[in-house]
Amino acid sequence: MAAPVDIGSLLRAELIEDALYKDEGVCVLGVFGKSAMQAGSAKESLINILADKHIFPLLGAEEAGGPDGGGSIRAYYSQESRVLYLVLTSVFDNRQLLRACERLSSGLGHAEAHEFWKGAEKEHCLQLLFLFSLCHVLLLVHPTCSFDITYDRLFRALDALRQKALPLLRGAIKDCPVAKEWKMNCRPCPPRLLFVFQMNGALRVNSGSGLGGNGLDGGGGDKPKKHSPRRRLQHALEDQIYRIFRKSRVLTNQSSNCLFTVPANQAFVYVVPGPDEDPISSLLGQLRANCALRENDAGTPTPGPRRYQQMRHSNRQPSFNVENSGFSSSGGQLVDCTLKEFLWQHVELVLSKKGFDDSVGRNPQPSHFELPTYSKWAHVACRLHQVMIENSEDELSLKVQGQMKVLEGFLDADAKFSENRCQKALPLAHSAYQSNLPHNYTTTVHKNQLAQALRVYSQHARGVAFQRYAVQLHEDCYKFWSNGHQLCEERSLTDQHCVHKFHLLPKPGEKPEMDHNPPILYHNSRGRSTSSCNCGRKQAPREDPFDIQAANYDFYQMLEEKCCSKLDRINFPVFQASTPDPAPACDEATRPAEVAPSGDADRLKEKETVTHTPGDSTGLSLALSLGQSTDSLGPYGEGAEGHEKRPSVDRQASTVEYLPGMLHSGCPKGLLPKFSSWSLVKLGPAKAYNSLTGLEQPGFLPGSAFLLPWDVVIRSRSEDDAGSTEALDGGPSSWPAPNKAPAGKRGSSGGIGRGRRRDDVARAYVGFEYEDSRGRRFLSSGPDKIVKVLGQGGAKEPATRALNSDMPLYIPSPAQGRGIKPHYAQLARLFIVVPDAPLEITLSPQVQPGPPPCPVFHPEQAEVVLPPDGLWVLRFPFAYVTDRGPCYPPKENQPLASFRILKGILRANTASSPPQ
C-alpha cells in the first residue's frame, strides 16, 4: 500500500495482496490518543518511524477527518512486515478540535454546544470500541509525560458499552469465516495496550552531565544510577497506571474478561525524549557527524547513493528524537531501547502466534488468540464497520446506536451534576408556583406564579440541563393549572372575568351540567347591578352580561313586559330575514372601514354646521312609518318640496346577511343587526312633565331629577313677514292642523306672554340621565356638573351648555363607595320634552365609547324627528361592542374625556327660521 486510506475505503476496495504473504497472518496495530499542535508531534509520525517510510505528512498538510469534520480511522497496510496500522483521529487531536470549533455557530447556546461536544465524544468512543474489537496491539499516544486520569473513566465506559453491545456484535459476525472464540468474544484476542508518552520539558536532558544525554545527575560525587531518568520515569508511570486500572477494576486477574491487558513482565510504557532546545545547534551537530563519518571512511570508498543511505540511517533524528540503539552510557547504565524495539517485541508475539498470556493470580486462565489472514480480518471488519461506524438504517445498527446511552453516566459528569442540581430545584420551584394560589385562577395569575417559580428555579439550578428542566417546569405548572384549576378566561362586558372554572357553554336547548367534564355552564362573574327599564319608571337587579344581546336587549325586554309594553315608541329598523338560515356578515368587510376612525368625529362636527332641511327624506319616512300623511305635518310638509333632498343610503338593507354586533361608523352600509341596542319611547304628552316637581321616577338623588329648560325662538306668521314661505291662496296648505291653534294667536306651552305677534318662544326640556351600578340616578347640566335643585322652582340653568358640548359617557358617581377604586356612573337615558308648537326637534345620538381609533356608535336610524307634544326617552346601550371586542369602561389611568357623546345630539328647526 503506497499511502494511507480511510478504513471504509480500504474495506470496500479489493486489496491485491502479494502471493508470498497472502496466506500469512496479519498483526493489527491501532493507534489513538491525543496530539499537540507542534509540528512532528502527531500520532501519524509514529507510523513513519515504525515503518521507516514517509507515509503520513508530518505537518498535517492532508486533512484528516470524516465527511462532517468528525473523527475518522485511517489505515496503512505494510505487507512486508505483515502489520496493518489503524490510526484514529478525533476531536482529541488539536487540528480536528480547531475544525470542530469552526463548525460551531456563534449564536449556539451553552446546552447546544455541550450536546455537540458530547456527541463528538460518544462518536469517539464508538470508534475506539471498533479498534478494541479488531486490533491485537493498541498504542495510546499522549503529548505529555504524565498519565491522563480521564482515560480510566473512558475505559470503564468502553467496557460497559462493550458488554451491552456484545450480543448485537455477535449477531453481526456470526457468518464470518473466523474461529468460534472470536465469534463469542467479538475480538481476535484481548488486545494489549501500550502507552507512548512524549517528553514535555519536565525532564530536560543535559548533554554535559557526563551521562551521554540520558541523565540528569550532575558530575558530583553521587554514585551513578543503574537506569537513566527516562527509564525510571517509564517504570514509575507503569506502576502508577497499573495501580489505577487495578483499583478501578479495569484490569482484573482474568485477561479474557477485561477490555484490554497490559504485560506482566514486559515494558508497556515508553517515553519519547523531547526535541533539543536549539534546533539550529541540532542541525549543525548532525552536519558535523555526517562530515566526520565521510572523513573516517575515506579509505574505503562507497558508491554515492549507498553512502548517503548509510549516513542517513546512522545519523537520522526522527521527529520524536528517538535515540539510537547503540547508545551506552559511560556510567554503567543499561541501554535505552528505541521506539521500534519497544513495540516490535509485542508485535513479534502476535506474528509468531504465541499470543499474550497476561492473566495473573493463582489460577490464571489462558485467553483465546487468533492470527487471521488479511481477507478474514477484512470480512469481520467490514461487518463491524457497517454496524458501528456507518450508522446505516438497518435494525442491528440502530440497536447498537441505542446502547450509547450507557456512556452518559461515565463521560458526562457535567450533565450528571447539572441534572442532580436541577432535580433538587424543581420541587422548590413547584412550591413557589403553588404558594398563595386560589383554587381557580386566570392566565395572568398563572404567568405571574410561573415567573416566580422560574426565579426560584434559576437561583438553584445550574449547568447544561438548566434549559431542559426549565421547559419541564413550564409543562408541570401548565399541567397543574389545566387539571381542574383553570379559571374561565371569558370577561364580561364590564371587564370582569367569569368565576367558574374552565367550562363549556350550553348549546341552544341544552341544560347546564355541573358533573360534565368540563362542566357545561353559563358565564357568571358574580357581579350584580341595578338598572332601570327603557322608560326609567321601574328598576330591577341584573346579572353582569357577557354578550351584547343580554346587555342591550334581553334585560330591557324582560322589564318591558312589566312596565313599558303599552307606551308609544319609535322602533329602529332591524334585520328582516328573507331566508330560513341567514348568515352573519364577514368581518373582512368591516375592517378596512375602521382603519381611520379618527375622521368620523371630524365629519360629524362638520355635519353639525349644515342647516337641517325641514321635511327631509328621513323625517318624511318617519312620518309615513307612523301612519301620518304629509298633510298632517302642517307647514313642514310643504317646505320639503322646495329643497333638494340629500342622498339616501347607498344600498338597501340586506335580507340575507345580518350584522353580528352593533351598528357603528366602521360597519359596511346595508347591514342591520337582529335587534336594536337603543330604545326610544314616549312617556306621554309634554304636560306629563312638571317642571316644579321634576321626574317622578325611582332611584334619583334628591334635587337631581329636574330637566333643563331649552327655549327655542319661533317666528310668527304675520302678513308683513317677507320671509314666510307659506302660501296665502286659501288652499289646503294654509289651514292649520286639526285641533291646533295658528302660531301667534296664543302662547306656546312654554308660557310666554300673550299678545306678541313678532317672535314667540317655545320651551322644551332636556335631561342627560346618568345611572351607576347601584341604581342611583341623577341628571347632568354640563360635562362636569350635576343638577342640584334646592327648594321649589325647578332647574334654572338652561340646556344650551349641555347641548353645545361633548357630554361625557362616564362621570364619577356623587355617591362613592368605601373602596379606593373610583365608582363611575354611565349615561343611560336622554329625556326630551317636545312642546306643542310648530317646532321640529331632530334626534341624532352619536357615542364614542373610547379613545381613537374607537368607532362612533349610532342607532340603526341615524336621525329621528320627534313628533311634537311628547315626553320622549332615549335609552342608550348598556355596553358597546365592535367586531374586535367590547369597549370596556374606563380604567383608573384613562381620561374620561375620551369617552363621550358627540355634541349635536338635538337640533331644533321651525318652518321659517334657521336652526337654533
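Trainee: By what rule are the strands that flank Arg82 defined and numbered in this predicted model?

Mentor: Strands are DSSP runs of E with at least two residues, numbered from the N terminus. In this predicted model, Arg82 is placed in a loop bounded by two such strands. Those strands are β3 (72-78) and β4 (83-89).

Trainee: Is Arg82 buried or exposed?

Mentor: The phi of Arg82 is near 60 degrees, a positive value in a residue other than glycine. Buried means under 20% relative accessible area. Arg82 has a relative accessible area of 4%, and therefore counts as buried.

Trainee: Is Lys353 buried or exposed?

Mentor: Lys353 is not a glycine, yet its phi is positive, at about 65 degrees. This lysine, Lys353, sits in the loop between α10 (339-351) and α11 (374-388). The cut-off for an exposed residue is over 50%. Because its relative accessible area is 58%, Lys353 is exposed.

Trainee: Which loop holds Pro518, the residue joined to Asn517 by a cis peptide bond?

Mentor: The bond between Asn517 and Pro518 is cis, with omega about -10 degrees. Pro518 follows helix α16 (466-482) and precedes strand β8 (528-532). Its location is thus the loop between α16 and β8.

Trainee: What is the omega of the cis peptide bond between Pro852 and Pro853?

Mentor: Pro853 belongs to the loop between β22 (847-849) and β23 (864-866). A cis peptide bond joins Pro853 to Pro852. For this bond, omega is about 10 degrees.

Trainee: What distance separates the C-alpha atoms of Ala111 and Ala415?

Mentor: Ala111 lies in helix α4, which spans residues 110-132. With 25% relative accessibility, Ala111 counts as partly exposed. Along the chain, Ala111 and Ala415 are 304 residues apart. The separation of their C-alpha atoms is 9.5 Å.

Trainee: Among contacts between residues at least 6 apart in sequence, what percentage joins residues at least 24 apart?

Mentor: The chain contains 21 helices and 28 strands. A contact requires heavy atoms within 4.5 Å. Among contacts between residues at least 6 apart in sequence, the share joining residues at least 24 apart is 74%.

Trainee: How much of the area exposed by the chain do carbon and sulfur atoms supply?

Mentor: The chain has 916 residues, of which 46% count as buried. The area that the chain exposes is about 46,400 Å². Of this area, carbon and sulfur atoms supply 52%.

How values were computed:
Residues are numbered from 1 along each chain as its sequence is written. This is a predicted model: local features need pLDDT of at least 70, side-chain atom pairs count only at pLDDT 80 or more; totals for chains, interfaces and linings use all residues. Side-chain values use heavy atoms; hydrogens and water are left out. Helices (H or I, at least four residues) and strands (E, at least two) are DSSP runs, numbered from the N terminus. Buried means under 20% relative accessible area, exposed over 50%, partly exposed in between (1.4 Å probe, protein chains only). Accessible areas come from the Shrake-Rupley method with a 1.4 Å probe; for residues, only the protein chains shown count as cover.
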